[in-house]
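Reader: Could you take me closely through one part of this model, the first helix and what it holds on to? I would like a connected account that starts from the helix and then follows the chain outwards.

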Amino acid sequence: MHDSLDEIERYIISKVKEIREQRGISQTSLSLAIGKSTSYISDIEAHSKTAKYNIKSLNLISKALGCSPKDFWPEQPILEEKYEFVKEIEIKKKSNGA
């Protein structure tokens, strides 16, 4: 996968590949199963390309692979240094007035 991709994008691409390979499904077969060109999956899994999945494709891929879209995502957020500026928002509970 291309170095310009964020870690979360690389993680998801790797998880799709892992599940696809566990099920013995080729890149071409998966591409065709979701109505894409024969090179769609191989372009995304290639180290030299910047192609990545969108949410709609991940949903279709999960259907084709017989898994949940959640299976492609990490349990916790993956944060790179460039996103250190992101702060968690404190959520205040509303009182019921009781």
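Author: Buried here means under 20% relative accessible area, and that cut-off is needed for the pair of residues with which this account begins. The model is a predicted one, and its helix α1 spans residues 7-22.

Arg20 is buried, and Glu45 is buried as well. The side chains of these two residues, Arg20 and Glu45, meet in a salt bridge, with 2.8 Å from N to O. Because Arg20 belongs to helix α1 and Glu45 to helix α3, this pair ties together parts of the chain that are 25 residues apart in sequence. The pair does not stand alone, since salt bridges that share partners join Arg20, Glu21 and Glu45 into one network.

The structure holds 6 salt bridges, and other residues of α1 take part in them too. Glu9 and Lys52 bring their side chains together in a salt bridge of 2.9 Å, N to O. Glu9 sits in helix α1, whereas Lys52 sits in the loop between α3 (40-45) and α4, so this pair ties together parts that are 43 residues apart in sequence. Glu9 has a relative accessible area of 21% and is therefore partly exposed, and Lys52, with a relative accessible area of 44%, is partly exposed too.

A salt bridge with both ends inside the helix is formed by Glu18 and Lys15, whose side chains meet at 3.4 Å, N to O. Both residues, Glu18 and Lys15, lie in helix α1, 3 residues apart, which is about one turn of the helix. Glu18 has a relative accessibility of 34% and so counts as partly exposed.

The packing of α1 against α4 adds a further side to this picture. Two packed helices are described by the angle between their axes and by the distance between those axes. For α1 and α4 the angle is about 15 degrees, and the axes are 11 Å apart. That angle makes α1 roughly parallel to α4, because angles under 35 degrees count as roughly parallel. The crossing of α1 and α4 is left-handed. On the α1 side, Ile12, Val16, Ile19 and Arg20 meet Leu58, Ile61 and Leu65 of α4. The residues of this contact between α1 and α4 divide into 6 nonpolar, no polar and 1 charged. Arg20 thus appears both in the contact with α4 and in the salt bridge with Glu45.

Following the chain past α4 (55-65), one comes to Pro69 in the segment after that helix. Pro69 has a relative accessibility of 29% and so counts as partly exposed. Leaving aside neighbours within four places in sequence, Pro69 is in contact with Asn59 and Ser62. The C-alpha atoms of Pro69 and Ser57 are separated by 9.8 Å, the two residues being 12 apart along the chain.

One more residue deserves a place here, and that is Ser31, which lies in helix α2 (residues 27-33). With a relative accessibility of 0%, Ser31 counts as buried. Not counting residues up to four places away in sequence, Ser31 touches Lys36, Ser37, Thr38, Ser39, Tyr40 and Ile41.

Technical notes. Residues numbered from 1 in each chain as written. Predicted model: local features only at pLDDT ≥ 70, side-chain atom pairs only at ≥ 80, totals over all residues. Heavy atoms only, no water. Helix = DSSP H or I, 4+ residues; strand = E, 2+ residues; numbered from the N terminus. Buried < 20%, exposed > 50% of the residue type's maximum accessible area, 1.4 Å probe, protein only. Contact = heavy atoms within 4.5 Å. Salt bridge = Lys/Arg side-chain N within 4 Å of Asp/Glu carboxyl O. Axes fitted to C-alpha atoms, helices over the stretch in contact; angles between N-to-C directions. Parallel < 35°, antiparallel > 145°, perpendicular 65-115°, else oblique. Left-handed = near helix turned anticlockwise from the far one by under 90°. Nonpolar A, V, L, I, M, F, W, Y, C, P; charged D, E, K, R; others polar.
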